[in-house]
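This report looks at one strand and its neighbours, and then turns to a pocket and the residues that line it.

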Amino acid sequence: MNAAPTAAPAEQTGTAGRPLPIIAVTMGDGAGIGPEVIVPALLNADTLRGCRPVVIGDAERLREAARILGVTCDIVTIDGPAEAEFTPGRINVVDLGLLPADLPWGALSAKAGDAAYQYIRVAAELALNGDVHGICTAPLNKEALHAAGHLYPGHTELLAHLTGVEEVSMMLSTPKVKVIHVTTHIGLIDAVNRIEPGLVERTVRRGHDAMVRAGVEAPVIGVCGINPHAGENGLFGYGEEETKIVPALEVLRADGIDARGPLPADTAFYLAGRGDYDLIVAMYHDQGHGPVKVLGIEAGVNLTVGLPVIRTSVDHGTAFDIAGTGRAEAGSMVEALRQAAEMSSAPAAAR
């Protein structure tokens, strides 16, 4: 499983003859819609033009999903990415064989929760070994994960633990704008208290590194302020921009990172949408999430940056209510794979 990936044949190269990135696709909770969105997404011609996907999951569950969908394809078990072949109609699976054959669809299962954990564990190992260049996750069920004894809030924290990373950042990506967050799921007062120059600096560096790895050699980064009009020279707030953000920007600029701001958030996203900025740094959850959902919720993907590889995820949950019915839509998985490929164009081992 730990052998280095072989060189890609000509049909598996992208621009400038670079090998397409290998993306580990974790199957998520096997009782949910993960298998049903993975199968059509991996058979999508656009997916194969952008990356080399390898599923970490259970081959028989994927075959059952294909039968439910009425899809004819060749689901092939492999020991690792080096054995994968990428041809139309073929899905490569590192088969962990953890799910019982009679696992019901749409029902909470500790066995499915444990399997979802193991898929992520193997994907993390492959990433650390340089065998994959990115990870794309189908949804897991947190209650099932906890029932199996794996007490993590979700994929982000689990992957951070498995890869030995103490701090990661959430990035939202759409075709129009990319946004990285200094703080996320905490109250607004707590967010303002938590923001400090070190955290701002580390967040910008993670965003800068992610953009460079995606092929943007000198990303232009817009950094939002905290207060209306970025404080307007002390008119609003209590000098938070000067004490919490400006010192970080000075350090970053001294290191050659093009970080501009603090910017008024009410215009920063408009400017990014028209192409002035490659990345926007939001100070708190709604400052970043609101504009992104207006600009591109239909194509939005959640990314985790700061890991050894980029991780993208679908924007939906396990959808137990429709699992096993063939009604799940694969569009979000197709987009998550596309953006995993876009953000993983440089191999992890070469960073």
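## Strand β5 and its partners

In this predicted model, strand β5 and strand β12 (residues 310–313) run parallel and are joined by four bridges, with G134 standing opposite I310 in β12. Strand β1 (residues 22–26) also pairs with β5 in the parallel sense, again over four bridges, and here I23 is the residue that stands opposite G134.

## Directions of the residues in β5

Within strand β5 (residues 134–137), G134 and C136 point one way, whereas I135 and T137 point the other way. Such a pattern is what one expects, because side chains in a regular strand alternate between the two faces of the sheet. Are these four residues of β5 buried or exposed? G134, I135, C136 and T137 are all buried, that is, each has under 20% relative accessible area.

## The largest pocket

The largest pocket encloses about 1100 Å³ of space. Its lining is made up of 45 residues, of which T156, M170, H185, N302 and R311 are the closest to the centre of the pocket.

Several elements each supply at least two residues of this lining, namely α6 (155–162), β6 (169–173), α8 (197–213), α11 (285–296), β11 (301–305) and β12. Helix α11 gives the most, with five residues. By residue class, the lining of the largest pocket divides into 20 polar, 16 nonpolar and nine charged residues. Strand β12 thus appears in both parts of this report, as a parallel partner of β5 and as a contributor to the lining of the largest pocket.

Definitions and conventions:
Residues numbered from 1 in each chain as written. Predicted model: local features only at pLDDT ≥ 70, side-chain atom pairs only at ≥ 80, totals over all residues. Heavy atoms only, no water. Buried < 20%, exposed > 50% of the residue type's maximum accessible area, 1.4 Å probe, protein only. Pairing = 2+ DSSP bridges. 1 Å grid on protein atoms, 1.4 Å probe; cavity = no way out; pocket = protein on both sides within 12 Å on 5 of 7 lines; lining within 4 Å. Points joined across faces, edges and corners; volume = space filled by probe spheres on them. Nonpolar A, V, L, I, M, F, W, Y, C, P; charged D, E, K, R; others polar.
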